[in-house]
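User: Please examine the model shown here and explain how its chains are put together.

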There are 2 protein chains.
Amino acid sequence: MAKTAGIVLIGNEILSGKVVDANAAYLCRELRGLGVEVRKIAVVPDEVDVIAAEVSEFSRAHDIVFTSGGVGPTHDDVTIEGVARAVGVRVVREPRLVALIEGLSRGHLTEARLKMAEVPEGAELITNDGLLFPAIVARNVYILPGVPEIFRQKFEALRERFREAPFFLANVFVDMGEGALAEHLNALLARHSDLLLGSYPEFANPEYKVKVTLESKDRGLMERAVADLLAGLPTETVVRVER
Amino acid sequence: MAKTAGIVLIGNEILSGKVVDANAAYLCRELRGLGVEVRKIAVVPDEVDVIAAEVSEFSRAHDIVFTSGGVGPTHDDVTIEGVARAVGVRVVREPRLVALIEGLSRGHLTEARLKMAEVPEGAELITNDGLLFPAIVARNVYILPGVPEIFRQKFEALRERFREAPFFLANVFVDMGEGALAEHLNALLARHSDLLLGSYPEFANPEYKVKVTLESKDRGLMERAVADLLAGLPTETVVRVER
């Protein structure tokens, strides 16, 4: 069983179409590369009770949870409080963060700036040479900022914590419509029930009609399934195989 | 109260990072323009029970639900079955779709192709001159395909059904950090509690530091709030206002 992950994106700006999120796609790609299976993504508004309910459910359902957004100093930054409620603790001011913010504010310390020193009680702070601000982890919930550059910087500092046995993937590009291909795929799946098999039509592509993805943590299983699929397809319909 | 919507994206390819979804961002933008409030987005794998649970919850929580993906002829296309379970009906073969598919298949009618004639029992079919295939609606759930071109084509054919009273939006671009700006925003919100107020820092932008969004279905309220915010900010920090 692969380790599982869930991603909760927090922000009215995504739901109202003002901002296009880039963090979920980045994280899905990175986690897959690390061998982690992302099982669910949710996008929710900047509302404490909604965030708390969602993060609570995600925290129970998945091995690891990531949140993105809602960690700044303004009124609509309520992720810390939401995560604290989700894991059943209070919000506290973390002395190490207060010291850090005092240093950065050079005398202009406001209540709003101090809000960024708040964490769910008992949270772990992960520091790293590359990080100005530590990453905050409450139970199994990694609280990341929404700004893509900082989101990536923090994830990069954490990434080796999440490495698992890898997935092995082959893409088979086929010049046959999905309607005709489906029976080959059903038969393949009947013989290799543990195979992760995907079928993606490309209507506008002149080179092939469908990209078939065959994937497994067991490389032998994946290779046997590829050989099996290729043996069943008319040779002229197989455009190429990528591994 | 604005009409609310939820979006369920279905597809292992999104969760595994193979494909970057474009449909949710498009739909959020379009629905906002129509005056509809998107409250939640979920991305779930190609698994009937997971889809059914999610769509069921969305269908109860929101006025309108859209699904994207999982409606082709192959083994991983299980959205119709998931939605049928969510609304508590059987999957049936729809005679009008069978006739349509027979016509398009010109004698090459396979079981896989006929799968595309399946709908949740009692579903409404919405046809329109521009659509090759009708859009399928089960209870309040609009079942749309994942391929972006077809997704948009179907939504365009449906869009006027969803039009509501519009949101009015002003963007105020401010050359002041969020740490200092926060107290102005808190005070503003204390005086205009129904205002939809957003604050978005732009770390890499030389022109301004924060984009503040003020929004309401009540244009007068929005305009009063803009005037109020501008009156409280030092003039030199207001870079520009966009409506």
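The questions and answers below concern this predicted model.

User: How many residues of chain A are in contact with chain B, and what area is buried between the two chains?

Analyst: On the side of chain B, 47 residues take part in the contact, and they meet 47 residues of chain A. Carbon and sulfur atoms give 59% of the area buried between chain A and chain B. The values asked for are thus 47 residues of chain A and a buried area of about 3,900 Å².

User: Which operation lays chain A on chain B, and of what kind of axis is that the relation?

Analyst: Chain A can be laid on chain B by a turn of 180° with a shift of 0.0 Å along the axis, and the RMSD is then 0.0 Å. Because of this turn and shift, the relation is that of a two-fold axis.

User: Which residue of chain A comes closest to the rotation axis, and how do the β2 strands of the two chains pair?

Analyst: β2(A) pairs with strand β2 (residues 37–44) of chain B over three bridges, in the antiparallel sense. Within this pairing, A:V43 has B:I41 of β2(B) as its bridge partner. The residue of chain A that comes closest to the rotation axis, with its C-alpha at 2.2 Å, is A:A42.

User: How many salt bridges and polar contacts are counted between the chains, and which element of chain A gives the most to the side that touches chain B?

Analyst: Between chain A and chain B the count is six salt bridges. In one salt bridge, A:K18 meets B:E215, with the closest N and O atoms 2.7 Å apart. Polar contact between the chains is counted for 16 residue pairs, both residues being at pLDDT 80 or more. The elements of chain A that each supply at least two residues to the side touching chain B include α2 (23–33), α3 (48–61) and β10 (196–201), but the one that gives the most, with eight residues, is α8(A).

User: What share of the interface residues of chain A are also interface residues in chain B?

Analyst: The side of chain A that touches chain B is made up of 24 nonpolar, ten polar and 13 charged residues. The copies meet through the same surface, because the share of interface residues of chain A that are also interface residues in chain B is 100%.

User: Where do A:R85 and A:E81 lie, and how many salt bridges does the whole structure hold?

Analyst: A:R85 and A:E81 are joined by a salt bridge at 3.3 Å, N to O. Both lie in helix α4 (residues 79–87) of chain A, four residues apart, which is about one turn of the helix. Over all chains, the number of salt bridges found is 42.

Terms used:
Residues numbered from 1 in each chain as written. Chains lettered and ligands numbered in written order. Predicted model: local features only at pLDDT ≥ 70, side-chain atom pairs only at ≥ 80, totals over all residues. Heavy atoms only, no water. Contact = heavy atoms within 4.5 Å. Buried area = accessible area lost by both parts, 1.4 Å probe. Salt bridge = Lys/Arg side-chain N within 4 Å of Asp/Glu carboxyl O. Polar contact = N/O pair within 3.5 Å; in protein donor to acceptor, adjacent residues only side chain to side chain. Nonpolar A, V, L, I, M, F, W, Y, C, P; charged D, E, K, R; others polar. Pairing = 2+ DSSP bridges. Least-squares fit on C-alpha atoms with pLDDT ≥ 70 in both.
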